[in-house]
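User: I should like to learn how to read the main features of a protein model, beginning with its charged pairs. Please give the general idea each time and then the case at hand.

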Amino acid sequence: MQYHLNGFTPGHPDVSPAASTAARHRGANGLPEKVDVLIAGCGPAGLCLAAQLSQFPDISTMIVEPKQGRMEKGQADGINVRSMEMFQAFGFADAVKRESYWVNETTFWAPNPSAPGEIKRVGRVQDVEDGISEMPHVLINQARVHDFYLDIMSNSASRLEPDYGLKVLDLTVDAEAEDYPVTVTLERTDPERAGQTETVRANYVVGCDGARSNVRKSIGGALHGDAAHQAWGVMDVLAVTDFPDFRMKAIIQSQGEGSILVLPREGGYLVRLYVELDKLHENERVSERGLGIDDIIAKAKRILQPHAFDVKDVVWWSIYEIGHRLTDKFDDVPAEDVATRAPRVFTAGDACHTHSPKAGQGMNVSMGDTFNLGWKLISVLTGRAAPDLLHSYSRERQAAAQGLIDFDHQWSRVVGARPDEADSDMPLVQKKFIEGGHFTAGLTVNYEQSALIGGKEWQGLASGFEIGMRFHSAPVIRLADAKPMQLGHAVTFGRRWYVFAFAGEDDHGQEDAPVSKLCSFLETSPDSPISRIRKSGEDIDAMIDVRAVFQQGFRDLDHTKMPSLLRPMKGRFGLVDYEKVFCSDLKSGEDIFDLRNIDRAKGCMVVVRPDQHVAHILPLEAYQDLAAFFEGIFLPK
């Protein structure tokens, strides 16, 4: 991380000085009259968005939550590798890695042929395929994920804190109004004022308020889909057992009692079990069965035979019914009005898609929703992009959610299948687990060509960076200080775009070489996208951050000979930024040019969005193509 740019700042570098706007005016009711963005719900989706917005104190943000304070336990726990990559952009991936349980191996259990009433291990597989990410698959209490986001918010210049004890009751949108067109009715849920209502006007509202979302209902949205009519129980327990894989992720299918998913948790002792309970009738709700924790424990004991299972403490439990549902649209603009007005209200997470927890994707996809939306709202609210940009949120994330629903349908059927439906060479559930590895890792989201995603004409220049997919990091060495690092870790959350210039084999930064010529165009030409959008007094990398990667080792290059754009002078003292130039990691043998199949002779540009997705690949000399691409995104200064 970089700090001290504008003078030495003592104390914790993650704590920003409070902005003058941090203590915004609130009325007698303790609430603001108007805000730029109102977020409904302090779940992972809402807090992910709030953490992004909190870094921009000129954007007034309010996040409301019906509960009376922070979550402590329960709900989701799985963090796939894609979310860990996202956490790296926020700066807390290392903290999550330290606290969490790492899922290294998954084992598979089925009825013992010689004793069908008992289970036997029938397979095992490495949980995450080698090389698909530098990050692990981990399990951690959802409440801790909340804490990390809340810390970012409270340490930001905005000093953003949630307003607990409030929920969105209803809202209306005045499509003709330019400023604060959304009128939101909030209902108090704290015991002293329960039922009282307040009104706040907003420019944008984001409903992260769950499957029963009032935000979704207010804009006429509904969840469509089906239910599996199957009750499942989930419990976080401290238990004593002789089941040998109690600290492994395990998928257990019994002969006649159903299935269990065993998920060890952080701390070395806690374990979560998802336990298949009863089949429900067509119109029956799970609440009508009167099932409780004793039913979950009893079923788990029967499935785990011949192994003992003695629960010592129940930390949290719940019973739910599996359903797969999706809304028609993730914003408030009907299809026929897309050409004439921009969205003002959005839904994210369970408010617009629900599914089973078996694939461990709920929290991950929900955060992916608002990681996609956050930089777009910031770009619009800070005047760097037109409001039409916001149409892309529903288009991109609805397709991602549909992929989740389709996968979850298949995976739920496989997990719930009778084990005698498996092939003899390998259990069916193990085969499907391996086949779905990239999906469950969160690595199959592919945004289609649009104003934000370029065409594939030049994909061959770097086939390992697939356009529309997330930027697949790889090891590099930073030139100025010889630090080994992951190139993808240069991408931090916010509104900034990145252009990575991968140099050809004879290019070492010399004046007449392609990287230097590209940098000269971007820095000085009036046609440059940087020149077009850069405001007076703004650092040259404020909106488009250009970095270069060379094929030579770090001892073979001279940082002082690099183009000035790659060692820009920034801040009030004009200090040099030494973190723009990288080299191949020749010592380890993990050469990024080989790993990502980058054309060694020609090199290329890789354009990366603020949400870490590859937006475009172009030849190093394609200046006008690069300028035209950014012209479709940024407003001129």
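Analyst: A salt bridge is counted when a side-chain nitrogen of Lys or Arg lies within 4 Å of a carboxyl oxygen of Asp or Glu. The general idea is that side chains of opposite charge can pair when their charged atoms come close. The structure shown here is a predicted model. By this rule it holds 42 salt bridges.

User: How far apart, N to O, are the side chains of R193 and D190 in their salt bridge?

Analyst: The N to O distance between R193 and D190 is 3.2 Å, which meets the rule. The two partners may also be read by their accessibility. R193 is partly exposed, with a relative accessible area of 35%. D190 has a relative accessible area of 8% and is buried, because buried means under 20%.

User: Where do E435 and K432 lie, and how many residues apart are they?

Analyst: An α-helix has 3.6 residues a turn, so residues three or four places apart point the same way. Both E435 and K432 belong to helix α9, residues 428-435, and are three residues apart, about one turn of the helix. Their side chains form a salt bridge with an N to O distance of 3.4 Å. E435 counts as exposed at 58% relative accessibility, whereas K432, at 35%, counts as partly exposed.

User: Which residue forms a salt bridge with K580, and which parts of the chain does the pair link?

Analyst: The partner of K580 is D545, and their closest N and O atoms are 2.7 Å apart. This pair links distant parts of the chain: K580 is in the loop between β24 (575-576) and β25, while D545 is in strand β22, and 35 residues separate them. K580 counts as buried at 2% relative accessibility, and D545 counts as buried at 0%. Both also belong to a network of salt bridges that links R496, D541, D545, R547, K570, D577 and K580.

User: Strand β22 leads me to the sheets. In what order do the strands of the seven-stranded open sheet stand?

Analyst: A sheet is read strand by strand, from one edge to the other. Here the order is β20-β19-β25-β22-β21-β26-β27, with mixed pairing. The edges are β20 (483-486) and β27 (614-618); each has a single partner strand, so one side of each is left without a neighbour in the sheet. From one strand to the next, the twist averages 30°.

User: How many bridges join β19 to β25, and which helix packs on the sheet?

Analyst: Three bridges join β19 (residues 475-478) to β25 (residues 581-584), and these strands run antiparallel. Within that pairing, R478 has F582 of β25 as its bridge partner. Helix α11 (residues 514-524) packs on the sheet and touches β21 (497-502), β22 (544-550) and β26 (604-608); its direction makes about 170° with that of β22.

User: What is the strand order in the open sheet of three strands?

Analyst: The order is β3-β7-β4, with antiparallel pairing. Strands β3 (78-79) and β4 (101-102) stand at the edges with a single partner each, so one side of each has no neighbour in the sheet. Two bridges join β4 to β7 (residues 138-139), and Y101 has L139 in β7 as its bridge partner.

User: At what angle do helices α1 and α4 pack?

Analyst: Two packed helices are described by the angle between their axes and the distance between the axes. Helix α1 (residues 44-53) and helix α4 (residues 142-155) pack at about 20°, with their axes 9 Å apart. That angle makes α1 roughly parallel to α4, and the crossing is left-handed. The contact is made by P44, L47, C48, A50 and A51 of α1 with Q142, H146, Y149, L150, I152 and M153 of α4.

User: How many residues of α1 are buried, and what covers them?

Analyst: In α1, 10 of its 10 residues are buried. The elements that cover them include β1 (34-40), β2 (61-65), α2 (81-90), α4, β11 (197-207) and α7 (362-381).

User: Finally, is S259 buried or exposed?

Analyst: S259 counts as buried, at 2% relative accessibility. This residue lies in strand β14 (residues 259-264). Leaving aside neighbours within four places in sequence, S259 has contacts that include W232, I252, Y274, I303 and V415.

Note on methods. Residues are numbered from 1 along each chain as its sequence is written. This is a predicted model: local features need pLDDT of at least 70, side-chain atom pairs count only at pLDDT 80 or more; totals for chains, interfaces and linings use all residues. Side-chain values use heavy atoms; hydrogens and water are left out. Two strands pair if DSSP finds at least two bridges between them. Helices (H or I, at least four residues) and strands (E, at least two) are DSSP runs, numbered from the N terminus. Axes are lines fitted to C-alpha atoms, for helices over the stretch in contact, and angles run from 0 to 180 degrees between N-to-C directions. Contact means heavy atoms within 4.5 Å. Buried means under 20% relative accessible area, exposed over 50%, partly exposed in between (1.4 Å probe, protein chains only). Angles under 35 degrees count as roughly parallel, over 145 as roughly antiparallel, 65 to 115 as roughly perpendicular and the rest as oblique. A crossing is left-handed if the near helix is turned anticlockwise from the far one by less than a right angle, and right-handed if clockwise.
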